[in-house]
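Me: I have a model open and would like to learn how to read it. Could you take me through it feature by feature?

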Amino acid sequence: YIEDILLGKRFRISVKAFYQINPIQTEVLYSKAMEFAALSGNGTVIDAYCGTGTIGIIAANGAKRVIGVELNPDAVADAKINAELNGIKNIEFYNGDAGKFMVDFAAAGESVDTVIMDPPRAGASLEFLRSLVTLSPEKIVYISCNPETLARDVALLMKEGYTPGAVTPVNLFPVTGHVESVVCLTRSKL
């Protein structure tokens, strides 16, 4: 494994776990995501597709409870170690499909205030998006490495009552055609 410092937190990253390759711009991206989330310190946050726990661990200081969900078991093992390395006690990590986890979470009568999601290039699955709507968080902070799937997923969430705010692109991949983007969607008041 290797270790890195990101926004003042220490992260262990094993060979089979995902980690952003440009740590300087990752700090810009994650800082913008935290700005959009505007966590109050009292809410519950789900970090969907949490990888090694970077976003959830960074969000933990602004939340009462953070739940990270990730399919890759190596990344989840790293996330648990990373929480310990940083003395974070209000975070828990689950190995599994984020969409199924959220369906089960909602069915159990649980609630969440904010979902921060950073799905793979293919975007979120329809099952995940449906579970997100069922869970009905006040805010969704969507980080994406693919503008096409971001637009597709945001359009679906808009049909379900979410309003997007500003989209901020962050260039993590200089001299390529790729860009990361972050947008905050808020649930419309009925």
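Reply: Sure, let's start with cysteines. A disulfide is a pair of cysteine sulfur atoms within 2.5 Å. Before going on, note that this is a predicted model, where local features need pLDDT of at least 70 and side-chain atom pairs count only at pLDDT 80 or more, while totals for chains, interfaces and linings use all residues. Residues are numbered from 1 along each chain as its sequence is written, and side-chain values use heavy atoms, with hydrogens and water left out.

Me: How many disulfides does that rule give here?

Reply: In general, a disulfide is a covalent bond between the sulfur atoms of two cysteines. Here the count is zero.

Me: Why is C145 not bonded to C50?

Reply: The gap is too far for a bond, because the sulfur of C145 sits 16 Å from the one in C50, its closest cysteine sulfur. C184 misses out too: its closest cysteine sulfur, in C145, is 19 Å away, again too far for a bond.

Me: Is C184 buried or exposed?

Reply: Buried means under 20% relative accessible area, exposed over 50%, and partly exposed in between (1.4 Å probe, protein chains only). C184 has 11% relative accessibility, so it counts as buried. C145 is buried as well, at 12%.

Me: Now the helix: which residues does α2 cover?

Reply: Helices (H or I, at least four residues) and strands (E, at least two) are DSSP runs, numbered from the N terminus. Helix α2 spans residues 54-59, and A59 lies in it. T54 is found in α2 too.

Me: What do A59 and T54 touch?

Reply: Contact means heavy atoms within 4.5 Å. Skipping residues up to four places away in sequence, A59 touches M34, L39, V66 and I116. A59 and M34 are 25 residues apart along the chain, yet their C-alpha atoms are separated by 6.8 Å. A59 counts as buried because its relative accessibility is 1%. With neighbours within four places left aside, T54 is in contact with L6, F11, Y19 and Y30, and T54 is buried at 6%.

Me: Where should I look for a positive phi in a residue other than glycine?

Reply: Try Y49, whose phi is near 60°. Y49 belongs to the loop between β3 (44-48) and α2. A38, not a glycine either, has a positive phi of about 45°. A38 lies in the loop between α1 (23-37) and β3, and is partly exposed with a relative accessible area of 49%.

Me: What else is there to know about Y49?

Reply: Y49 is partly exposed, at 21%. Beyond residues up to four places away in sequence, its contacts include V69, E70, A98, M117 and A124. Y49 and A124 are 75 residues apart in sequence, with 9.6 Å from C-alpha to C-alpha.

Me: And how do I read the largest pocket?

Reply: Rolling a probe the size of a water molecule over the atoms shows where empty space is left. On a 1 Å grid over the protein atoms alone, a pocket is an open set of points where a 1.4 Å probe fits, with protein on both sides within 12 Å along at least five of seven lines; lining residues have an atom within 4 Å of a point. The largest pocket here holds about 490 Å³ of space. It is lined by 27 residues, and F18, Y49, D118, P119 and P120 are the closest to its centre. The elements giving two or more residues to this lining are α2 and β4 (65-70).

Terms used: Grid points are joined across faces, edges and corners, and a volume is the space filled by probe spheres set on the points.
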